[in-house]
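I am opening a fresh page of my notebook for this chain. I want to write down what I looked up, going from the whole fold to single residues.

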Amino acid sequence: MLFIVAALLLLGVVLGTVAHAPLGFTAVAAVVVAAWLGIFALRERHGRRRSSVN
């Protein structure tokens, strides 16, 4: 339960910060995060395929 409260508090802080940031900065940050998550997903998928074959 404490984890959920902490996660919601952090989410509120992040969303509050984004609400006051310029739209261009928010869009660039969103693209950077999306690219980072995409690269991470591809690396995880590639790593699991390699380890399952061996």
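**Entry 1: the overall fold.** I began with the secondary structure, and I counted two helices and zero strands in the chain. I note here that I am reading a predicted model, and that every value on this page is computed from it.

**Entry 2: overall dimensions.** I asked myself what radius of gyration the chain has, set against that of a compact globule of 54 residues. The globule would come near 10 Å, but the chain has 17 Å. I then looked up the box that the C-alpha atoms fill along the principal axes, and I wrote down roughly 50 × 35 × 5 Å.

**Entry 3: burial and surface.** What share of the 54 residues counts as buried? I found 0%, and a residue would need under 20% relative accessible area to be put in that class. The surface that the chain exposes is about 5200 Å², and 76% of this area is supplied by carbon and sulfur atoms.

**Entry 4: helix α1.** This helix covers residues 2–20, and I located Leu15 in it. Is Leu15 buried or exposed? Its relative accessibility is 52%, so I count Leu15 as exposed, because the cut-off for that word is over 50%. I also placed Leu2 in helix α1, and Leu2 is exposed as well, since its relative accessible area is 69%. Both Leu2 and Leu15 belong to a nonpolar surface patch of about 950 Å², which also takes in Met1, Phe3, Ile4, Val5, Leu8 and Leu11.

**Entry 5: helix α2.** I turned next to residues 23–53, which form helix α2, and found Val31 there. With a relative accessibility of 56%, Val31 counts as exposed. Gly38 is in helix α2 too, but I have to call Gly38 partly exposed, because its relative accessible area is 30%, which lies between the limits of 20% and 50%.

**Entry 6: distances between C-alpha atoms.** I looked up three pairs and kept the separation along the chain beside the separation in space.

- Leu15 and Thr26 are 11 residues apart along the chain, and their C-alpha atoms are separated by 11 Å.
- For Val31 and Ala41, which are 10 residues apart along the chain, I noted 15 Å between the C-alpha atoms.
- Gly38 and Val14 are 24 residues apart along the chain, and I found their C-alpha atoms separated by 21 Å.

Key. Residues numbered from 1 in each chain as written. Predicted model: local features only at pLDDT ≥ 70, side-chain atom pairs only at ≥ 80, totals over all residues. Heavy atoms only, no water. Helix = DSSP H or I, 4+ residues; strand = E, 2+ residues; numbered from the N terminus. Rg over C-alpha atoms; globule rule 2.2 N^0.38 Å. Buried < 20%, exposed > 50% of the residue type's maximum accessible area, 1.4 Å probe, protein only. Areas by Shrake-Rupley, 256 points an atom, 1.4 Å probe, with all protein chains shown as cover. Patch = residues over 30% accessible without salt bridge, like charges linked within 9 Å, V, L, I, M, F, W, Y side chains within 5 Å. Salt bridge = Lys/Arg side-chain N within 4 Å of Asp/Glu carboxyl O.
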